[in-house]
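Here is a quick tour of a two-chain model. Have a look at it first, then read on.

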Amino acid sequence: MTAQILAIYAVALSLLIGSGFVLVGVIGLLKFDDPMTRLHAPTKVGTVGIGMLLLASMINSFRMGDTSIHEILIMAFLFVTAPISAHFIAKVGIHHRACETPPSPPRDETWSTLKSPEPDQGTEPTAQG
Amino acid sequence: MTRAFRRLLPHPFLTLILAVVWTLLQNEISAGMVVFGIILGIIIPLMTLIWWPDTPKGFRLGKMVSYSFMVIWDILVANVEVAWIVLTVPNSKLKPAWIVVPLELRQPEAITVLAGTITLTPGTVSADLSDEGHSLLVHVLHTSDADAVRDEIKTRYERRLLEIFS
């Protein structure tokens, strides 16, 4: 019986921590004023926020006696996809010059986003007749 | 024997991951589903073989596991730090910075893992790669010493990834 009560407390605690982190992520999104700094708050704080909410769901399902392991999968896919979407948003920001232009790299020519496509590749269909 | 093994399982790790994901999707472990997952794990890599031209060589699974645990711990610690910055540092005092990380890693998979790690650990976002793939552009949310952040990325993450993908 005490294990049941402990599990309920654990669920409540993870829900509280998780929603707290999500709230901080939203505050950061509203508060910062530059596109790049804005990107930091939701992509990062969100991972732990959602992680704790999923942990609560897992503990609760174990408490109810039917095991659920989908949450691990959700977490894994979230960790794989979150950096990619953040990377694309950052690339769009750099491309549109919405943020401060980054310093050029030391060894190569330029950043791949800023590189202008070479004109004579012959891959694009040319206007004919 | 090894050639037959290579023909059947061109990407052993992909096979393993597919089987595990399929089993987890069922939400309960039964022998039939594990077998079906392994069958899928063999068929899917064979069907998508032409899109996976190279197999990463010399991948050390044990070190990757310990690396993952270190990254998860870093994510937890740094989340609290970023939450603190969001709540306490006003916009006018925020010092964001671009830093350029020169890369020693050459394999695309290794660079992808490094970029993902940098984005997941709060306070830093990997924003772009240079056109030849020799440096990584990273945006830092709040720092007073950009060089220290760069050195930490190099010593803490890149050195370990060099060992994993050697």
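The notes below go from confidence to the chain contacts, the core and one glycine.

## How far to trust it

Keep in mind that this is a predicted model. Its scores are ipTM 0.76 and pTM 0.80. For chain B, the mean pLDDT comes out at 82, with 97% of the residues at 70 or more. As a general caution, coordinates should not be read in detail where pLDDT is low.

## Chain B and its domains

Chain B is assigned two stretches: domain 1 covers 2–51 and domain 2 covers 61–164. Measure from C-alpha centre to C-alpha centre and domain 1 of chain B sits 32 Å from domain 2 of chain B.

## Where the chains meet

How many residues of chain B are in contact with chain A? There are 36 of them, and they meet 43 residues of chain A. On the chain B side, at least two residues each come from helix 2 (12–26), helix 4, strand 1 (97–102), helix 5, strand 2 and strand 3. Helix 4 of chain B gives the largest share, seven residues.

As for chemistry, that side of chain B splits into 22 nonpolar, eleven polar and three charged residues.

## The core

The largest nonpolar core has 37 residues. Both chains feed into it: two or more residues come from each of helix 1 (2–31), helix 2 (35–63) and helix 3 (70–95) of chain A, and from each of helix 4 (61–88), helix 5 (108–120), strand 2 (124–129), strand 3 (135–140) and helix 6 (146–164) of chain B. Helix 2 of chain A supplies the largest share, eight residues.

Which members touch the most others? They are Val45(A) and Ala90(A) from one chain, plus Leu114(B), Leu136(B), Val138(B) and Leu161(B) from the other. Val45(A) is a handy place to zoom in: leaving out residues up to four places away in sequence, Val45(A) touches Phe21(A), Val24(A), Gly25(A) and Gly28(A) in its own chain, and Asn79(B), Val82(B), Ala83(B) and Pro122(B) across in chain B.

## A closer look at Gly28(A)

One of those partners, Gly28(A), belongs to helix 1 of chain A. Is Gly28(A) buried or exposed? Gly28(A) counts as buried because 24 other C-beta atoms lie within 10 Å, and the cut-off for that is 20 or more.

Beyond its neighbours within four places in sequence, Gly28(A) is in contact with His40(A), Ala41(A), Val45(A) and Val86(B). Arg63(A), by contrast, is 35 residues from Gly28(A) in sequence and 34 Å away in space, C-alpha to C-alpha.

Notes: Residues are numbered from 1 along each chain as its sequence is written. Chains are lettered from A and ligands numbered from 1 in the order in which they are written. This is a predicted model: local features need pLDDT of at least 70, side-chain atom pairs count only at pLDDT 80 or more; totals for chains, interfaces and linings use all residues. A nonpolar core is a set of buried Ala, Val, Leu, Ile, Met, Phe, Trp, Tyr and Cys residues joined through C-beta atoms within 7 Å. A residue is buried if 20 or more other C-beta atoms lie within 10 Å of its own, exposed if 12 or fewer, and partly exposed in between; C-beta atoms are placed from the backbone. Helices (H or I, at least four residues) and strands (E, at least two) are DSSP runs, numbered from the N terminus. Two residues are in contact if their C-beta atoms, placed from the backbone, lie within 7 Å. Ala, Val, Leu, Ile, Met, Phe, Trp, Tyr, Cys and Pro count as nonpolar, Asp, Glu, Lys and Arg as charged, and the others, Gly among them, as polar. pLDDT is the predictor's confidence in each residue, from 0 to 100. Domain bounds come from an automatic or database domain assignment.
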